[in-house]
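User: Pick one part of this model and give me a close look at it. Then work outwards and connect that part to the rest of the chain.

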Amino acid sequence: MHGTDELTEPFEIGGVRIANRVLLAPLAGIGNWFVRLQAKRHGAGLAVSEMVSSFGLHHRNERTLRELMRIHPDEHPVSVQLFGHDAEVMRSGAAIAAEAGADLIDINMGCPVRKVRRTGAGAELLGDPELALALVRAAAEGSGLPVTAKLRSGLRPGDRSGFELALRLVEEGGAAAIAFHPRAATVGHGGSPDYALTRELVERVDVPVIVSGGLKSAEAARRAHRESGADAVMIARGALGNPWVFEELTGRRAAPPRRDEVAGELLWVIDRAEEHLGAERAGRYLRKFYPWYMEPLDAPPAVADELQRSADLPRARALVRGLAGPGPSL
Ligand SMILES: Cc1cc2nc3c(=O)[nH]c(=O)nc-3n(C[C@H](O)[C@H](O)[C@H](O)COP(=O)(O)O)c2cc1C
């Protein structure tokens, strides 16, 4: 069942064909349609949305629908990640995500943030397997789509509740794949991910296992893939400002991008943000994105600072063009 040593080989999640085994991880506040589209343009087989509140969808919150549920036609297949703690709300939220064009639904069972855990969602679900199972079943019934779950290995170091829950979600809940971040919720991003535990999970379930955690470079991702035996890898922080990691891992590129390519990419991001949010909101939203691109652009601190403070898109574009260096003009 588990496949191949090649990240370039296609695979399936619940009958949905994924062109290769290099995926963009869900990233809250970041993984909107154009960030996912960027990953796809550079070769990702699948991009997962930022986490979306099942309650926001259920109540048809306008901004949730207009912004978080926006899906570009070139993104497919796309997975929408939902979070929540109520099966009926999850059923209706998943139905709305399916209507909006999701091909897969993922349920967040790994978020360690207090605000989320306090509601009973995210990693808190590791301590309530019956509710976790009910959420997966309800999402599948509501959406008619394959449902996956993304979870941590446990709540605290040494706790394997996430591992045990993953087995049950597949066997009893019909989960179509598991995205596994083999770190305890309480350690956040600290410590090394446990790829040996991931391998144990791969051996125990007959659906794809996708490994997440610590994949900061193409080399780290290859190593995690090898050590875990997972069917696919999911890149999170390693993709911020570096969509070329998908090209490297899918064999489309060996050399790092040139400065003019990086500048061109950032200009693309600025354009898409404006298209998504309008100039004023985009100007503020983009401040999160700029720092990721400053190192590959070799930006002098004064330019990086000005960009960071600038909410004016024409000025931001001019600064980025100025960083492109020699190469085709932008
Ligand atoms: C800014 C940020 C936002 C994240 N948002 C989500 C999210 O919405 N849903 C989720 O399941 N995981 C989320 N994660 C976790 C990542 O998907 C991933 O599992 C984790 O960062 C480990 O991978 P990495 O070490 O390659 O970054 C987030 C991580 C970061 C850094």
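**A buried loop residue and its surroundings**

Analyst: Leucine 286 sits in the loop between α11 and α12. The model is predicted.

Is leucine 286 buried or exposed? It is buried, because 21 C-beta neighbours fall inside 10 Å and the cut-off for burial is 20 or more. Which residues does leucine 286 touch once its neighbours within four places in sequence are set aside? They are Ile270, Ala273 and Ala316. Ile270 belongs to α11 and Ala316 to α14. Another way to place leucine 286 is its C-alpha distance to glutamate 274. The two are 12 residues apart along the chain and 9.3 Å apart in space.

Next, the helix pair around this residue. Two packed helices are described by the angle between their axes and the distance between the axes. Helix α11 covers residues 259-285 and helix α14 covers residues 313-322. Their axes come within 10 Å and cross at roughly 170°. The two helices are therefore roughly antiparallel. On the α11 side, the contact is made by Ala263, Leu266, Leu267, Ile270, Glu274, Ala279, Ala282 and Gly283. On the α14 side, the residues are Leu313, Ala316, Arg317, Val320 and Arg321. By class, nine of these contact residues are nonpolar, one is polar and three are charged. Ile270 and Ala316 take part in this helix contact, and both also touch leucine 286. Glu274, the partner in the 9.3 Å distance, is in the α11 list too.

Past α12, the chain reaches aspartate 298. This residue lies in the loop between α12 (290-294) and α13 (301-309). Most residues other than glycine have a negative phi, and most peptide bonds are trans. Aspartate 298 has a positive phi, near 55°. Aspartate 298 counts as exposed, because 11 other C-beta atoms lie within 10 Å and the limit for exposure is 12 or fewer. So one loop holds the buried leucine 286, and another holds the exposed aspartate 298.

A second helix pair can be set beside the first. Helix α8 (residues 195-204) and helix α9 (residues 218-228) have axes that come within 8 Å and cross at roughly 50°. They are therefore oblique to each other. Tyr195, Thr198, Arg199 and Val202 in α8 meet Ala224, Glu227 and Ser228 in α9. This contact divides into three nonpolar, two polar and two charged residues.

Two further leucines are worth reading alongside leucine 286. Leucine 133 is in helix α6 (residues 129-143). It is buried, with 21 other C-beta atoms within 10 Å. Beyond its sequence neighbours within four places, it contacts Arg168, Leu169, Glu172 and Gly173. Its C-alpha is 5.9 Å from that of leucine 169, 36 residues away along the chain.

Leucine 37 is in helix α1 (residues 33-41). It also counts as buried, with 21 C-beta neighbours inside 10 Å. Outside the four-place window, its contacts are His72, Asp74 and Glu75. Leucine 37 and glycine 56 are 19 residues apart in sequence, yet their C-alpha atoms are 23 Å apart.

Now backbone geometry elsewhere. Arginine 60 is in the loop between α2 (54-58) and α3. It has a positive phi of about 50° and is not a glycine. It is exposed, with 11 other C-beta atoms within 10 Å. A cis peptide bond joins histidine 76 and proline 77, with omega about -5°. Proline 77 is placed in the loop between α3 (62-68) and β6 (78-83).

What surrounds the ligand? The shell has 22 residues, and the closest are Ala25, Ala28, Met51, Ala236 and Arg237. By class, the shell has 10 nonpolar, nine polar and three charged residues.

Finally, the whole chain. The protein has 14 helices and 11 strands. Its C-alpha trace spans about 55 × 45 × 35 Å along the principal axes. The radius of gyration is 20 Å, which agrees with the value near 20 Å for a compact globule of 330 residues. Buried residues make up 52% of the chain, and leucine 286 is one of them. Among contacts with a separation of 6 or more, 66% join residues 24 or more positions apart.

How values were computed: Residues are numbered from 1 along each chain as its sequence is written. This is a predicted model: local features need pLDDT of at least 70, side-chain atom pairs count only at pLDDT 80 or more; totals for chains, interfaces and linings use all residues. Helices (H or I, at least four residues) and strands (E, at least two) are DSSP runs, numbered from the N terminus. The radius of gyration is taken over C-alpha atoms; the globule rule is 2.2 Å times the number of residues to the power 0.38. Two residues are in contact if their C-beta atoms, placed from the backbone, lie within 7 Å. Axes are lines fitted to C-alpha atoms, for helices over the stretch in contact, and angles run from 0 to 180 degrees between N-to-C directions. Angles under 35 degrees count as roughly parallel, over 145 as roughly antiparallel, 65 to 115 as roughly perpendicular and the rest as oblique. Ala, Val, Leu, Ile, Met, Phe, Trp, Tyr, Cys and Pro count as nonpolar, Asp, Glu, Lys and Arg as charged, and the others, Gly among them, as polar. A residue is near a molecule or strand if its C-beta atom, placed from the backbone, lies within 6 Å of it.
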